[in-house]
Amino acid sequence: MSDNQFGKLFAVSTFGESHGPAIGCVIDGCPPGIEISAEQFSLDLTRRATGKSRHTSQRHEADEVEILSGVYQGKTTGTPIALLIRNTDVRSKDYTNIAEQFRPGHADYTYHHKYGIRDPRGGGRSSARETTMRVAAAVIAKKWLQDKYSIEIHACVNQVANIKADVSQTIDWQEVESNAFFWPHAGQVPELEAFMDSVRKSGDSVGARVYVSAKNVPVGWGQPIYGKIDVELAAAMMSINAVKGVEIGAGFDAVTQLGTQHRDLISAQGFLSNHAGGILGGISTGQEIICQVAFKPTSSLRLPGQTLNTLSESVEVITTGRHDPCVGLRAPPICEAMMALTLMDLALRHRAQCGDVPAQTPLIPNEK
Ligand code: EPS
C-alpha cells in the first residue's frame, strides 16, 4: 500500500496491522539533538489507549515503545528514527465471521475491491490501532515545538451525539484530563456516563466532535497556496480513520456570518477576535490555531445489519470483538498528534525557505 507517509521534511511512515506482530513508524528528517527516551512516550500512549474505562474497547495493549534507531545516548542523531510497539493482546477469532463479509460503514468493502485481499483481523490497517504510531511520532514533535517555541497543543471532546460542551471560554486542560471523556466540564460527566452506558448496552455506537488547539505558534508558518496550514491540517485530521469532517476557526459558521462579524479586527495589542482560527491566507497569525474534527460512529456493531458477502450474496452481519461505542472518545491525543506533526513539518519548511527573513515591524504581539 502506498501513501503511508505524512509530512515532507519531518516525514513519518507508519506500518503494521492491528493483529500483526507489531506496529511501528520511521521518522526521517528529525532535527538532531532532541533528548528522547522510551519512557517519554508512555504519557500520550496511555492517554490514547483502549481499556482505560468501560466506555472504550476492552483490549489491553502494553504499548511499550522500542527505539530501534536514530537515538544515541538519549538524543536524536538526525538519522531515521525507527519506533516499534509489539501487539500483545490480539484475539483474531473475533473476526472469523466477518472475513468474508463487508461490515456496513467499514473500509472492508473498499479495501476488498481496491486490493483484492484484506486483513480483517482487528480491522487490519484501517484499525484505530494505526493511530498509536502517530501519537508516538508526535511525542518527539511536541517536545521540539514546546522546547523551541513554547507551543502548547491540547484537545478535548466537545460533543458526543447531541451532548455539547461550551468551549467559548478558556478551557481548563487539567479538567479535561481528569475524566474518561476528555471533557472540559466535570459537571456534565455524569450525563455522559449515563448516555454512554445506554449506548453500549444497546449495542449501538455514536459519533463525537473533537476540539484541537495550538497556542504560541509564531506568525508566518504555512506555505501558500497548496501548503496552507488549513490544507495541511485538514488533510492531517482527515487521514485519521473514522474522521468525516474538519472545521478551521469559525468553520461552517462563516457561512452565516457577515463580513463585519467574521473579520478579526486588529489593534496595537493584537487581534480582537479569532474567527480565522489563527490562520490568514494559509499562514499562521500568531493567534491560537483552532480546529474541530468530526468522528463518525464506530461501524463494528453487534447489532445485525444487512450486507453482502464476498460472493455478492445477501447476508446478515454481526460483529463480535472489543469495539469502542464511540471511537471519538479516544481521539483527542490522536488529533493533538496530527496537529503536532503538521506544525513540526511546517516549521521546518518555513525555516528552509524563510529562515533568513528579518522579523517585520511593527510586530503585532502574539496572543497567548
Ligand atoms: C478496532 C477494533 C478493536 C479496538 C482497536 C480498534 O480491536 P480488537 O477487536 O482487536 O480489540 O480495540 O483499537 C486498538 C486496539 C487501539 O489500540 O486503538 C477497530 O476496528 O478500529
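1. F102 has a relative accessibility of 5% and therefore counts as buried, the cut-off for that class being under 20%. This assignment, like every value in this note, is computed, and the model is a predicted one.

2. Y109 falls in another class: its relative accessibility is 44%, so Y109 counts as partly exposed. The class of partly exposed residues lies between the limits of 20% and 50%.

3. The count of aromatic pairs in the model comes to four. One of them joins the two residues discussed above: F102 and Y109 pair edge-to-face, with 5.3 Å from centre to centre and 85° between the planes. The pair thus brings together a buried ring residue, F102, and a partly exposed one, Y109.

4. Y111 and Y115 also form a pair, with ring centres 6.0 Å apart. Because their planes stand at 70°, and planes over 60 degrees apart count as edge-to-face, this pair is edge-to-face as well.

5. Turning to the ligand, its location is the largest pocket of the model. The ligand is surrounded by 13 residues, of which H19, R48, S57, R59 and Y95 come nearest. By class, this shell comprises six polar, five charged and two nonpolar residues.

6. Several contacts to oxygen atoms of the ligand merit inspection. For R48, a polar side-chain atom lies 2.6 Å from a ligand oxygen atom; R48 is also listed among the residues that come nearest to the ligand. For R322, the corresponding distance from a polar side-chain atom to an oxygen atom of the ligand is 3.3 Å. A128 contributes through its backbone instead, with an N or O atom 3.0 Å from an oxygen atom of the ligand. The ligand taken alone exposes 470 Å², and the protein buries 94% of that area.

Notes: Residues numbered from 1 in each chain as written. Predicted model: local features only at pLDDT ≥ 70, side-chain atom pairs only at ≥ 80, totals over all residues. Heavy atoms only, no water. Near = heavy atom within 4 Å. Polar contact = N/O pair within 3.5 Å; in protein donor to acceptor, adjacent residues only side chain to side chain. Areas by Shrake-Rupley, 256 points an atom, 1.4 Å probe, with all protein chains shown as cover. 1 Å grid on protein atoms, 1.4 Å probe; cavity = no way out; pocket = protein on both sides within 12 Å on 5 of 7 lines; lining within 4 Å. Sits in = over half its atoms within 2 Å of the grid points. Nonpolar A, V, L, I, M, F, W, Y, C, P; charged D, E, K, R; others polar. Phe/Tyr/Trp six-rings, centres within 6.5 Å; stacked < 30°, edge-to-face > 60°. Buried < 20%, exposed > 50% of the residue type's maximum accessible area, 1.4 Å probe, protein only.
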